[in-house]
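This report goes through selected parts of one structure. Please look at the sequence and the model before reading on.

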Amino acid sequence: MLTTIKEGLDDYGRLRRDAIANSQLYTRISLKKSPETSKSSGAHSPNPGVLESIPSSQICVGDILQIERDQRVPADMILLQTSDRSTGTTFIRTDQLDGEIDWKLRLAVPLTQQCPSLRAFLQERGIEVHAELPSKDPHSFQGTIAARGSSAAEPLGVENTMWMNTVLAAGTAIGVVIYTGRDTRAVMNTSTSSTKWGLIDIELNSIAKVLFMISLAMSLMMVGLKGWTGPWVIYLVRFFILFSSIIPLSLRVNLDMARMFYARQIAARNKDERLVGEIIVRNTSIAEELGRVGFLLSDKTGTLTKNVMVMRKLHLGTLCFATESFPEISQHLVHYALGASGAPSLSTPISPQCTSPVLSTGPIPILNSQAVGSIAHTHAYVRRGRRDMSARVHDLVQALALCHNVTTAGGEDSTPSGSEIAYQASSPDEIAIVNWTRSVGLVLVARNREAMVLRREADGSLLTYSIITLFPFSSEAKRMGIIVRETSTGEIFFFLKGADMAMTPLLAPLRNTDWLQEECDNMAREGLRTLVVARRRLSEEQLAAFLARYAEASLVLSDRAAAKQQVVRQHLETELELLGITGVEDRLQDDVRVTLESLRNAGIRIWMLTGDKVETATSIGISSKLIARGQMVVPVPRLQTAEEAQALCELMAARSEAAFVIDGAALQLVLGTPTLATQFITAAARMATLICCRCTPQQKAHVATLLKQHTRALRVCCIGDGGNDVSMIQAADIGIGLVGREGMQASLAADYSLERFCDLSRLLCKHNFLL
């Protein structure tokens, strides 16, 4: 009875949390023809209409919803219209779905984006959407959309979708719901939760079964000795009741009472100690398992890091600027813009009788013509050296201010004096770099698909650049580029930035680049994410030849992306001038290094499972000290065959002291075969550090399940903060959720809820000891 009451209280708490999540309000556009009108939710609404608020639990397929900035998408939707009426673009954050921190560009359907009144169009004509069957893959979608009664249908792709649990990052968007509930991508990538039992419960259940069989056997033996005469069934029941006292029912009751007391003590101790981070116990059945944790599987984005990018270093070969020396960069930009220096100008005559800048009591010396010429030459040399240095700094800052995919979310109308310009991009790295260029005096004030405008704070001048071609970043090329033309001078530049491994072969061999690899390694050891920046000046003839070949490659039907990349490689990515490298820091959560060190000292092995890129995960592993100083990092290339996967397992078994970095494709190949999966988890269980990148939510849960089955004596603990971590948290022996900026999904699905990652050391090292 006591166990029933305890489990009932836990279930009631889950019911209340589900009710809160399902009662979040969203704005639905009513298509009922009614004279009533209501006010729009904001001036930037793409299409004011009759709006009504409904809870998320009442959203159905076919509803037209209006999503505001920083609002979570409640269902899988097709994007019909955005607040950017000219381009129909917007950005969404998908880190709670696939773990990737990059913002994703989404496009509204042209059929509905250009409608002056979307509600009137839907009332008069309507639309028909044909979508594929529900699928787990969040990176693909196929469908069509057409006006009702029209045979001209427009294709739909993943770029027209907003999946459930993504967050609208900019503007306002209107969409139509196509999947809800269990048909959504987010739910299909979440495993079904199961009841969790501690090792003590499992042992007690086994002992109880054995004692039951012993009691039954003894009862049968006693009935047999008495003889199978008379009401022997009644005798059997009587003997069984007498022998049932050997089953420790009171132990079960005392254990449940102790667990409830433990849970209350954890909450009470937090209040007594007046600590900032609160620990909430959502499952009172596994309190004693906190002392058995042997493996910790952690997410990266929002768990180990704050997902806040900050520029930390800028290196030009002979010059290195850190945070404290960034004001010097502003001075170099001012010097470049105004053409001023501390030395006299060449046009300023030098008197043969000049006074020393230091006070002197002696006579003023008279300089001959040779001395005057020497001083003039010295001043010219100093000025030229400083001009060269300022020009190098300006060229690098200019490249950073132009080579990106950042757009202005506001402030275009207030240029050039407006300072409240918000930026949006597909990556927080890009926004961090553009914000940094603004801080040093080169501000991006406006941008569209054809041009961008920079403001130079030194003299207030506006620099306009027409965008000729943009080459977006890809994980295969590991770089992105842009061709721009400065409208005032007509100069054409090709800027390129990317990873050092991808950029080094493209640089001009005659230029001094010996320092590049060493400085990139130094920044990586500091946990900074490095980008190598280069440029090339193009003539009109070179640009025309490239555009002609690039247009031909764009018409290729088979392997078009490879053909276009080959043209870029042949015509642009040669003889590049190295400008410098940047170091961007992804800020860690408070006391992450100390927490990881204390857990490692407690004998807990820590793995990182993230959906982010390999380079990003490796950088965070180094900066958080998850990868120890001097520990060998072994990046695993893409695996194609089972033989390569077998070799990987053997290498992991031979180098258990190293930190292996494995991407999602290699992990999928290994986990797809039961034999290889067993060998992989056996070798990985001996390793202190393992980083798995580009993991889907189900891959995270699969790794946690395999590890849990392999190490039954040591418990597996998983911690995360997003919706993409829910499957992993539910699959673990102990699931811990963080209350993150992006929602409460992980916290509500977990056994324990924390506010900060550093509270994990108190939970695993302090509370389990006191209990």
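How many residues of strand 31 (residues 734-738) are buried? Five of its five residues are buried, so strand 31 counts as mostly covered, buried meaning under 20% relative accessible area. The model described here is a predicted one.

## Strand 31 and its partner

The cover of strand 31 extends to both of its faces. On one side, Ile734, Ile736 and Leu738 are buried, and on the other side Gly735 and Gly737 are buried.

Strand 31 pairs with strand 30 (residues 715-720). The two run in the parallel sense, and four bridges connect them. Within this pair, Ile719 is placed opposite Ile736 of strand 31.

## The annotated residue Asp299

Asp299 carries the annotation "active site" in UniProt, where the entry is unreviewed. Asp299 lies in the loop that follows strand 14 (293-298) and precedes strand 15 (305-315). Is Asp299 buried or exposed? Its relative accessible area is 3%, and Asp299 is therefore buried, since the limit for that word is under 20%.

Leaving out residues up to four places away in sequence, Asp299 touches Leu304, Leu609, Thr610, Lys700, Ile719, Gly720, Asp721, Asp725 and Met728. Among these contacts is Ile719, the residue that stands opposite Ile736 in strand 31. With Lys700, Asp299 also shares a polar contact of 3.3 Å between the two side chains.

## Helix 6

Helix 6 (residues 232-243) is made of 12 residues. From its first C-alpha to its last it reaches 16 Å, close to the 16 Å expected at 1.5 Å a residue.

Leu236, Phe239 and Phe243 are the buried residues of helix 6. Viewed down the helix axis, the buried residues fall within an arc of 70°, so they line one face of helix 6. Helix 5 (199-226) is part of what covers them. On the other side of helix 6, the residues Arg238, Ile241 and Leu242 are exposed.

## An open sheet of six strands

Six strands make up an open sheet with antiparallel pairing, and their order is 2-1-3-12-4-10. Which strands stand at the edges? They are strand 2 (51-55) and strand 10 (161-162); each has a single partner strand, so one side of each has no neighbour in the sheet.

Inside this order, strand 3 (residues 64-67) and strand 12 (residues 173-179) run antiparallel and are joined by four bridges. Ile64 is found opposite Val176 of strand 12.

How values were computed:
Residues numbered from 1 in each chain as written. Predicted model: local features only at pLDDT ≥ 70, side-chain atom pairs only at ≥ 80, totals over all residues. Heavy atoms only, no water. UniProt positions renumbered as here; feature names shortened; annotations may be inferred. Buried < 20%, exposed > 50% of the residue type's maximum accessible area, 1.4 Å probe, protein only. Contact = heavy atoms within 4.5 Å. Polar contact = N/O pair within 3.5 Å; in protein donor to acceptor, adjacent residues only side chain to side chain. Expected span 1.5 Å × (residues − 1). Arc of directions from axis to C-beta. Pairing = 2+ DSSP bridges.
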